Amino acid sequence: MSFAVPANLEAQLDELVTHYPQKRSASLMFLHALQEHFGYISRDAVEWTARKLGLQPINVFELVTFYPMFRQEPLGKTHIKVCRTLSCALAGSGELRTHFCSKLGLDAQKHAPQTTPDGKFTVEFVECLADCGNAPVVLLNEDLLPKVTPAQADEIVAKGKSK
Amino acid sequence: MSAPATTEAKPAAPTAAPAPPPPSDKIKIKVDGREIEVPKMMPDWQGKPQPTTMLQACQLAAHEVPHYCYHPKLPIAGNCRMCLVEFGTPQMGPDRKPVLNEDGTPKIAKSVLPYEPTTPRGAIACATPISPGMEIYPNSPATKQMREAVLESLLINHPLDCPICDQAGECKLQEYSVQHGQAESRFVEAKVHKPKAVDLGPRIVLDDERCVLCTRCIRFTKDIAGDDALGIVNRGSYNTIAAWAEGKFDNNYTLNTVDICPVGALTSKDFRFQMRVWFMKETKSLCTSCGTGCNIVVGSREEKVYRYEPRQNDAVNSTWMCDSGRLNYKWIGRADRLQKCGMRIAERGMLEVAWPTALKGISAKLASAPSSSVAIVASARQTTEELWLLSKLAKKFNALTDSVARNGEGDKLLVNADKNPNSNGARLTGISGPQLGANLAKIAEGIRSGSIRTLIVFGEDVTKHGIGADLLAKLDTLIVSDILPNATTAAAHFVLPGCAHVEKRGTFVNVKGRVQKFMKAVEAPGDARPEWEFLHELVHNVTGQNGFSTIEGLFNQMAHEVPGFAGLEWAKLGDTGVTVQI
């Protein structure tokens with residue numbers, strides 16, 4: 001699959017560059033736009049951005065790997081974000097994530113977000129989701145789920161599999 | 001014999017370096033309780049005057065502040081925190097006048113945390129400018145505690161694989177851990193594992209677990225080499241140095257990142273696992289791969305060279321050298337080196353002979369050679385002293401002389417287009433004219449016409465430079481000294497095995513006229529001798545002039561006789577050389 005940025009998106013981004021004193025400052029906006037369009041940021045997208053902004057690809061790649069919201073691979077249809085911050089951690093979010101991972105055949109020891117080979121699920125450990133009173137919290141795609149139990153987790157998995 | 005070197009350790013005034021900062025005011029500060037006056041401004045990594053930092057001030061006060069990310073020739077990053085020191089500044093009253101102690105001395109307010117006045121707040125010495133009256137405490141308990149804490153943090157994910165690490169013995173993490181660290185680790189959690197043995201480029205291997213993320217390599221390749229190839233990816237404990245395309249970190253200066261890496265993260269493919277650094281002898285020398293004459297340290301053990309490393313000389317190479325020059329040492333140990341003197345006897349062919357026999361034979365041949373029947377081709381890879389001795393022979397016979405020009409590509413940083421290390425030495429001693437090689441055609445013509453009957457060749461294969469084997473065959477006498485066998489040595493009547501520069505002492509004059517000396521690192525193989533030694537003997541036999549049998553004396557005599565070197569002395573060259581007018 002060859003990498004091609006649609007002409008109107010490219011025109012939009014070219015215009016965007018003019019808003020900044022330096023081309024380089026537009027890097028994050030470029031990455032957001034490319035992720036919005038492609039769903040993730042491929043190596044081609046990194047090289048394209050670097051070329052457009054007169055940077056070396058490593059400069060752009062540093063940004064992509066620094067910010068968790070940038071994806072280097074396509075996301076699963078069901079995106080499970082488990083909160084890892086203090087109150088959720090105390091309320092067992094670690095076990096909850098391990099539960100998701102074992103149900104889905106993922107490696108709970110791995111640090112980075114993981115997607116199942118069938119592309120249906122992505123499980124990710126994230127920082128505070130700002131609902132500490134209802135720990136442990138899960139953000140399921142766009143929905144915030146309070147006090148998630150293992151039984152609820154199984155339900156989420158079952159639902160996601162049937163999608 | 002290199003004894004004088006110790007007294008010459010002071011670098012000579014760099015002439016090509018950026019102009020020294022204008023005479024600025026001095027600031028009085030106290031370092032570890034001792035008052036010291038330091039300049040208000042000092043040169044930064046580019047040589048531009050900048051406010052003096054606490055680290056520079058401590059260095060002037062002979063207090064070493066430990067550091068990883070700071071490097072005098074790189075922009076300041078301030079990320080390793082190793083140089084944290086406790087400090088204080090004069091306390092000011094509401095009237096903006098210094099508060100005084102009872103004895104009239106200014107009261108010092110130690111820097112503390114804003115809401116926790118019992119906790120000292122250190123500052124990174126590498127990036128904090130000094131101010132008048134400041135007191136720096138490089139040995140205080142608080143400073144020691146800060147260093148301990150930083151080291152503990154750096155060691156959290158470090159693999160502690162020193163027994164198999166190439167950096168062991170020259171590792172700042174090892175050294176500072178011993179000097180400033182704790183004996184035992186309190187860390188009980190699992191270490192983060194990072195990429196191992198990453199193939200960064202054709203000459204570099206990266207171990208991310210050993211890395212302390214000082215970013216020296218990133219800054220070097222971006223700001224010095226001009227190849228923005230490296231960066232830090234991921235975040236937090238997972239931070240790793242990386243290149244966009246692995247295996248492609250391939251500019252001509254990559255190996256400098258191995259030198260400046262304070263730990264064993266970046267290692268040289270050429271040197272790794274070859275030799276423990278503490279076994280090696282270090283010898284001050286020069287790189288011979290081009291006319292720049294980068295100052296180097298030769299690492300050798302048991303007469304074998306293991307590596308070249310750059311040596312600081314701000315008038316020549318700062319603290320860097322190119323990869324191609326650094327790796328150009330393997331030929332020194334080649335098995336086919338010339339090791340015996342050879343003498344061709346008409347009916348018996350080439351015979352191996354001892355030095356006295358060879359020199360006697362040559363002296364006898366030269367004694368009967370009429371004026372103008374001799375020509376000399378001497379390589380601009382020979383030392384200045386050797387070229388000068390050859391010029392004495394030339395004068396005796398009114399001989400045509402020349403060197404061979406060797407041109408290649410240069411770059412903006414260090415590599416020069418002149419690939420001879422001593423072209424200017426050849427010019428100054430009169431072996432060649434301003435244009436090297438201009439006489440070669442005349443010498444060839446002289447041989448063809450029969451007016452030149454004797455040819456002396458030092459360090460060149462003349463068959464590649466217009467004096468073919470057919471011409472060499474016409475000569476009565478062909479005297480050749482070289483290091484490796486070639487078509488010219490094969491045609492010679494006398495072969496004299498010479499030395500690589502790491503096997504002898506001498507001087508080279510670089511493209512900017514810097515006269516620099518180099519020391520002997522290893523013994524020459526077999527019967528090979530430094531050319532200046534036997535040339536000195538030969539000059540004595542042929543001209544009757546006696547000179548000095550030491551390199552010091554020889555150099556001083558040459559400086560006395562050659563106008564271009566007027567006023568120079570071997571001892572005054574120091575480790576970094578002296579610039580002469582070209």
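What percentage of the 163 residues of chain A count as buried? The exercises below work on a predicted model, and this opening question is taken up in the first of them.

**Exercise 1. Describe chain A as a whole, beginning with its buried share and ending with its domains.**

Solution. In chain A, which has 163 residues, 28% count as buried. The next step is to list the secondary structure, which comes to seven helices and five strands, and these follow one another along the sequence in the pattern α-α-α-α-β-α-α-β-β-β-β-α. The C-alpha trace of chain A spans about 50 × 35 × 25 Å along its principal axes. Turning to contacts, one takes those in chain A with a separation of 6 or more, and finds that 58% of them join residues 24 or more positions apart. Finally, the domain assignment divides chain A into domain 1 (7–66) and domain 2 (78–162), and the C-alpha centres of these two domains lie 30 Å apart.

**Exercise 2. Compare the expected span of helix α2 (residues 27–38) of chain A with the distance between its end C-alpha atoms, and then work out where its buried residues lie.**

Solution. Begin with the length: at 1.5 Å a residue, the 12 residues of α2(A) should span 16 Å, and the end C-alpha atoms are 16 Å apart, which agrees. Next, pick out the buried residues, which are S27(A), F30(A), L31(A) and L34(A). Seen down the axis of α2(A), these buried residues fall within an arc of 95°, so they line one face of the helix. The spacing can be understood from a general rule: an α-helix has 3.6 residues a turn, so residues three or four places apart point the same way. What covers the buried residues of α2(A) includes the helices α1 (7–17), α3 (43–53) and α4 (57–66) of chain A. The last step looks just past the helix, where G39(A) follows with a positive phi near 90°.

**Exercise 3. Decide whether A394(B) and H560(B) are buried or exposed, and place each of them in chain B.**

Solution. A394(B) is found in helix α9 (residues 384–397) of chain B. Because 20 or more other C-beta atoms within 10 Å make a residue buried, A394(B), with 21 C-beta neighbours inside 10 Å, counts as buried. Leaving aside residues up to four places away in sequence, A394(B) touches I376(B), A399(B) and T401(B). By contrast, the C-alpha atoms of A394(B) and R301(B) are 39 Å apart in space, these residues being 93 residues apart in sequence.

H560(B) is found in helix α15 (residues 551–561) of chain B. With 12 other C-beta atoms within 10 Å, H560(B) is exposed. H560(B) and Q145(B) are 415 residues apart along the chain, and their C-alpha atoms are separated by 59 Å.

**Exercise 4. Find how strand β27 (residues 514–518) of chain B is enclosed, and name the strands that pair with β27(B).**

Solution. First consider burial: five of the five residues of β27(B) are buried, so the strand is largely enclosed by the rest of the structure. Then sort the residues by direction, which gives R514(B), Q516(B) and F518(B) pointing one way and V515(B) and K517(B) pointing the other way. This fits a general rule, namely that in a regular strand the side chains alternate between the two faces of the sheet.

Now look at the partners. Strand β26 (residues 506–509) of chain B pairs with β27(B) in the antiparallel sense over four bridges, and here V509(B) stands opposite V515(B). These two strands form a hairpin with four residues between them, and in the turn G513(B) has a positive phi of about 85°. Strand β28 (residues 578–579) of chain B also pairs with β27(B) in the antiparallel sense, over two bridges, and V515(B) stands opposite V578(B) in β28(B).

**Exercise 5. State how many residues each chain brings to the contact between chain A and chain B, and sort the side of chain A by class.**

Solution. Chain A gives nine residues to the contact and chain B gives 11 residues. By class, the side of chain A that touches chain B has four nonpolar, four polar and one charged residues.

Conventions
Residues numbered from 1 in each chain as written. Chains lettered and ligands numbered in written order. Predicted model: local features only at pLDDT ≥ 70, side-chain atom pairs only at ≥ 80, totals over all residues. Expected span 1.5 Å × (residues − 1). Arc of directions from axis to C-beta. Contact = placed C-beta atoms within 7 Å. Nonpolar A, V, L, I, M, F, W, Y, C, P; charged D, E, K, R; others polar. Domains from an automatic or database assignment. Pairing = 2+ DSSP bridges.
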